[in-house]
Amino acid sequence: MEIPYTVDVRPDTGLSNGKFGVWLFLASEVMLFAALFSSYILLRVGSVEWPHGYEELSVPMAFFNTVVLITSSVTMVMAWASLKMNDFGKFRLYLGLTILLSFVFLIVKYFEYSHHLHAGEGPWHNTYYAIYFTITGLHGLHIIGGIVVNAYLWGPGAKMWQTAKERFTNRIEIAGLYWHFVDLVWIFLFPVLYLL
Amino acid sequence: MDNVTTAGHAPAGSHAHGHTSHAHVDHHEQSFVTKWIFSQDHKVIGIQYTLTALLFLLFGFGLMALMRYQLAFPMQPIPVIGSLLGAANAPGGIMLPEFYNQLGAMHGTIMVFLGVVPLAVGGFGNYVMPLMIGAPDMAFPKLNMASYWVYFVGGCIMLASFFMPGGAAQSGWTSYPPLSVITATNGQTWWLLGMICLITSSLLGSVNFIVTIVQLRAKGLGFFRLPFFVWAQFVTSFLLLLAFPPLEAAGVLQLMDKVAGTSFFLPSGLVVGNRPLDISGGGNPLLWQHLFWFLAHPEVYVLILPAMGIVSEIIANNTRKPLWGYRVLVYAIIFLGFMSFIVWAHHMFMTGMGTTMNSFFQTTTMIISIPSVIILSALFLSLYGGSIRYNTPMLFALAFLPMFGIGGLTGLPLGLAPSDIHLHDTYYVIGHFHYVVAPGTIFALLAGIYYWFPKVTGRQMNEMLGKLHFIGSFICINGIFFPMFIQGLHGVNRRLYDGGVQYAHAQPVLHWNQFMSYAAWGLMLFQLPFIFNFFWSIWKGKPVGSNPWKATTLDWAATTSPPLAHGNFETAPEVFHGPYEYSVPGRAQDYLPQNQRD
């Protein structure tokens, strides 16, 4: 017996399994990052002195990265929209761009990290750097996770387009939801860690 | 639909015939590995979870049996087993304090995270819930498989940590910093890595459960026709989904403290062994407690809600009556789920967080006792006027009620800040939460095993041995935990390596230590009939029909025992009634299956 509602929507709930599942997953992710942001607030409120982010970190680099991530979210939507318009070639292009932009983000992050580590400002330096490295590190892991999923859907996973068009389009939508969430976390991280 | 109903009443053995004749030839033959090891069938995964969790429960119990020797006979060599523990842990068979602490920390961790929750949710939830809602499988079978294997890896890391240099974690299952961070051994690091695996596993599981319950309910099975067991699993999954991530965050932060030299939980000016610690400082040990209990209080309800679900099914079935106040039960359990997120700091009255915080959390704690009392009262009232069948599952389910009652009521003085000042960190606390979890939840889980055993194997467990198991366990388990209240009220602290020998105020109640230890070992002895019964009944138990308990819910009424390997049901069932249509007046038989068209 096939598992129902993997592709089509259950009439009384208005949901397909995958989409509902990813929203629940994102709810738990919200709790994960909420706990980390709360820890940040508690540590900062309880500290004697807390450095200003813009004095410690490179705001231009982070701003550049913010633009990169937002652009990647746009290309992710374009990839999904291309599938909706039955244009597989364009889908490949836009999803490829998304993956490329994710790598750009990571490379910029690498330069930021290595700069601070060389300056002796590792996570052990003070609580500010500890929370900076932990939250951005976890966010970076989420980016890597997104790259893995998107690369799979760009490469071997794209074979599904030949057999089950609608299901594959749903997969791209779900991967997109996750990607927008990762993007959104960064949009919170940028002001909290760099600007305040 | 009629053929499904008759299949429900088919005599024993006919299901085997049904297997071979049924048109499931489209499924290619599965190898042993895909069928039993990397299976995506929720039933096999449920069995895997059940067996693994039972083994962990036995192991965790074994750790406690060792600790109880040290408590009963402090600083005396442990006979026979003592020599096997190794010179690093017990030179000359005498347990070292460090080893005692490892046993304590790991007993708690293993029982909660590797035993009870995986059995209640991973085992029972996985096996029974899809059958109850008439689903062919879980919504995401691959995730389900991944969930089990991540749990398995987490369990292996926890077990392996005993054999690492320096041994396992030794800062209690709560792992409070700074102690957990500044302890020189690496046990805590392994503990954190293991926990991250277990949290990931329960996250995958809970997403799967919620989607399955919402999306895969059979035709006609509205939310208020769901058996209470399914409601309990539903609320439990939400708790797991939303409460575990903060612990994951806390685990990552503590791991950073342990590995990357950060000071999230280490305050400035920390002095260890008369030497200032070489750290940046600026952290806050209380932060860990907040994050930890934000998970660990909902976790208490993760332990108890599935147990309530199991007990409700068994009570309705064996009283041959509808549950008293089904809708009230459902509303109560949803309210319980919400409230469990805002009571966590009642574990922290003694941290000096201030009277305002204390007042808030003791108020919410008193409020949360209301739905618990509603559930317990409704279950008691369900017994009233019933003609009760005293079989083994029912005995365990009946014992759950007063045992959970004692556990719950003794919690009230702990939830009020003034009385908690006296009782905090004494054996009273240990008695309280063990009454909730051991003769409470674990009895309910045992009831569930006796109840659903015929579903899984097609055979019933031996009743004689079952009753022996029940009576022996019931007496012994009270012998362990009731004296803890007495000791605790005398002010004997928990986590004492020698059980309190050095303390004057402990002397009048010290003699209970031996009594409790004998009761604990007796309890272990009384599990032997269960273990024997379990394996013997798999092959030699009395074969029974598909629906030996004459139950109404889909798991019994619409499937064979054991259910079909693929898809569970011969035809997708349709539901026409509420879950507990027992003794409906004017009907020939005393139960009306949910899938029987009127």
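I would like to start with one pair of helices in chain B, where α17(B) passes α19(B) in a left-handed crossing. Please keep in mind throughout that this is a predicted model. The two helices in question are α17, residues 463–489 of chain B, and α19, residues 528–540 of chain B, and their axes come within 8 Å and cross at roughly 150°. Angles over 145 degrees count as roughly antiparallel, and α17(B) and α19(B) are therefore roughly antiparallel to each other. If you want to find the place where they meet, look on the α17(B) side for Leu465(B), Gly466(B), Leu468(B) and His469(B), which face Pro529(B), Phe530(B), Phe532(B) and Asn533(B) in α19(B). Sorted by class, the residues of that contact are five nonpolar and three polar, with no charged residue.

A second pair in chain B can be described in the same terms. Helix α8, residues 187–215 of chain B, and helix α9, residues 228–259 of chain B, have axes that come within 8 Å and cross at roughly 155°. That angle makes α8(B) roughly antiparallel to α9(B). The crossing of α8(B) and α9(B) is left-handed, and the residues of their contact comprise 18 nonpolar, eight polar and two charged.

Staying with helix α9 of chain B, I would point out Phe229(B), which is found in that helix. Is Phe229(B) buried or exposed? The cut-off for a buried residue is 20 or more other C-beta atoms within 10 Å, and Phe229(B), with 27 C-beta neighbours inside 10 Å, therefore counts as buried. Setting aside residues up to four places away in sequence, Phe229(B) touches Val128(B), Met132(B), Gly309(B), Ile310(B), Ser312(B) and Glu313(B). To give a sense of distance across the chain, the C-alpha atoms of Phe229(B) and His422(B) are separated by 38 Å, and these two residues are 193 residues apart along the chain.

Let me turn to the interior. The largest nonpolar core has 223 residues, and those with the most contacts inside it are Ile133(B), Val311(B), Phe396(B), Phe400(B) and Ala447(B). Which residues is Phe396(B) in contact with, leaving aside its neighbours within four places in sequence? They are Phe443(B), Ala444(B), Leu446(B), Ala447(B), Tyr450(B) and Phe470(B), and Ala447(B) also appears among the residues with the most contacts inside the core.

Now for the loops of chain B, beginning with Arg389(B), which is found between α12 (355–383) and α13 (392–409). Arg389(B) has 14 other C-beta atoms within 10 Å and is therefore partly exposed. With neighbours within four places in sequence left out, Arg389(B) is in contact with Asn318(B) and Met394(B). Arg389(B) and Thr363(B) are 26 residues apart in sequence, and from C-alpha to C-alpha they are 40 Å apart in space.

Two residues deserve a look for their backbone angles. Val80(B) is not a glycine, yet it has a positive phi of about 60°; this residue lies in the loop between α4 (42–72) and α5 (97–132) of chain B, and it is exposed, with 8 other C-beta atoms within 10 Å. Arg495(B), again not a glycine, has a positive phi of about 60°. Arg495(B) is placed in the loop between α17 and α18 (512–525) of chain B, and with 12 C-beta neighbours inside 10 Å it counts as exposed.

There are also cis peptide bonds to report. One runs from Pro177(B) to Pro178(B), with omega near 0°, and Pro178(B) sits in the loop between α6 (141–160) and α7 (179–182) of chain B. Another joins Ser561(B) and Pro562(B), with omega about -10°, and Pro562(B) belongs to the segment after α20 (554–557) of chain B.

Finally, chain A and its contact with chain B. Chain A has seven helices and zero strands, and its C-alpha trace spans about 60 × 35 × 20 Å along its principal axes. Of the 196 residues in chain A, 37% are buried. How many residues does each chain bring to the contact? Chain A brings 31 residues and chain B brings 34 residues. On the side of chain A that touches chain B, the elements giving two or more residues are α1 (17–45) and α5 (127–154) of chain A, and α1(A) gives the most, with 14 residues. By class, that side of chain A has 19 nonpolar, eleven polar and one charged residues.

Note on methods. Residues are numbered from 1 along each chain as its sequence is written. Chains are lettered from A and ligands numbered from 1 in the order in which they are written. This is a predicted model: local features need pLDDT of at least 70, side-chain atom pairs count only at pLDDT 80 or more; totals for chains, interfaces and linings use all residues. Two residues are in contact if their C-beta atoms, placed from the backbone, lie within 7 Å. Helices (H or I, at least four residues) and strands (E, at least two) are DSSP runs, numbered from the N terminus. Ala, Val, Leu, Ile, Met, Phe, Trp, Tyr, Cys and Pro count as nonpolar, Asp, Glu, Lys and Arg as charged, and the others, Gly among them, as polar. Axes are lines fitted to C-alpha atoms, for helices over the stretch in contact, and angles run from 0 to 180 degrees between N-to-C directions. Angles under 35 degrees count as roughly parallel, over 145 as roughly antiparallel, 65 to 115 as roughly perpendicular and the rest as oblique. A crossing is left-handed if the near helix is turned anticlockwise from the far one by less than a right angle, and right-handed if clockwise. A nonpolar core is a set of buried Ala, Val, Leu, Ile, Met, Phe, Trp, Tyr and Cys residues joined through C-beta atoms within 7 Å.
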